[in-house]
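Work through the exercises below with the structure open beside you. Try each task before reading its solution.

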Amino acid sequence: MMIIGITGGIASGKSTVSNYLIRCGYSVVDADQVARQVVAPGTVGLKKIVQAFGPKILTDDGRLNRQKLGRVVFNSPDQLQILNKILQPLIRLEIIRQLTALQRADHQLIFLDAPLLFEQHYDALCDLVMVVVTSPAIQLKRLMKRNQLTVEQAEARIKSQMPLATKEALADLVIDNDSTIARTEQQVQQWLDNVQ
């Protein structure tokens with residue numbers, strides 16, 4: 001039984017890898033999904049965020065307006081730190097709960113897709129870490145397109161994370177996502193073929 005961490009930079013292609021693994025029948029605990037679950041309406045997480053940032057970060061129907069909150073925290077390291085202090089303990093508890101449930105169900109390979117894998121020390125929960133990399137130019141272009149951001153906004157989000165080169169240096173396995181999706185999936189499949 002192995003837990004494999006998947007990480008990379010924002011818009012580097014973690015989701016491409018995770019989606020492929022899910023299609024192949026593997027279990028993937030997605031830290032981004034967990035982060036959404038812990039701030040759903042009625043949760044302690046959402047209540048704490050409103051206390052810290054005010055009701056202006058809510059939509060009209062009482063949900064978290066992620067874009068508004070993003071504009072606040074990605075332009076201020078202090079605000080980002082406040083958000084992380086609220087959310088990270090809640091996210092960690094839920095991730096550990098989901099990983100433990102999959103281990104009890106005797107899954108042989110379990111994947112943890114976490115953008116902040118190293119920053120939040122989830123690598124300590126993993127037997128191996130896979131880092132998905134792409135060139136800085138492609139990363140910037142993908143992020144601008146995906147999130148409809150200006151160059152400045154996209155660069156601010158990229159700079160708010162650990163540099164991709166640092167993550168690559170810490171990786172047990174590097175997946176190059178500069179080419180086609182098919183090429184990326186082929187690299188993952190080659191690794192799967194060798195590990196089973």
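**Exercise 1: A buried arginine**

Decide whether Arg157 is buried or exposed in this predicted model.

Solution. Start with the value: Arg157 has a relative accessibility of 13%. Next, recall the cut-off: buried means under 20%. Arg157 therefore counts as buried.

Now place Arg157 in the fold. Arg157 belongs to helix α7, residues 151-159.

**Exercise 2: The surroundings of Arg157**

Find which residues Arg157 touches, leaving out those up to four places away in sequence.

Solution. Take the contacts in sequence order. Arg157 touches Ile10, then Gly70, Arg71 and Phe74. Leu143, Asn147 and Leu149 are also touched by Arg157. Then look at one of these contacts, Phe74. Arg157 and Phe74 are 83 residues apart in sequence. In space, their C-alpha atoms are 5.9 Å apart.

**Exercise 3: The sheet**

Work out the strand order of the open sheet, and which strands stand at its edges.

Solution. Begin with a pair. β1 (residues 2-8) and β3 (residues 109-113) are parallel and share five bridges. Met2 has Leu109 of β3 as its bridge partner.

Then extend to the five strands: the order is β2-β3-β1-β4-β5, with parallel pairing. The edges are β2 (27-30) and β5 (173-176). Each has a single partner strand, so one side of each lacks a neighbour in the sheet. From one strand to the next, the twist averages 25°.

**Exercise 4: Helices on the sheet**

Identify the strands that helix α1 and helix α9 meet.

Solution. Take α1 (residues 14-23): this helix lies across β1, β2, β3, β4 and β5. α1 runs at about 150° to β1. Turn to α9 (residues 181-195), which packs on the sheet and touches β1, β3, β4 and β5. The direction of α9 makes about 150° with that of β5.

Key. Residues numbered from 1 in each chain as written. Predicted model: local features only at pLDDT ≥ 70, side-chain atom pairs only at ≥ 80, totals over all residues. Heavy atoms only, no water. Pairing = 2+ DSSP bridges. Helix = DSSP H or I, 4+ residues; strand = E, 2+ residues; numbered from the N terminus. Axes fitted to C-alpha atoms, helices over the stretch in contact; angles between N-to-C directions. Contact = heavy atoms within 4.5 Å. Buried < 20%, exposed > 50% of the residue type's maximum accessible area, 1.4 Å probe, protein only.
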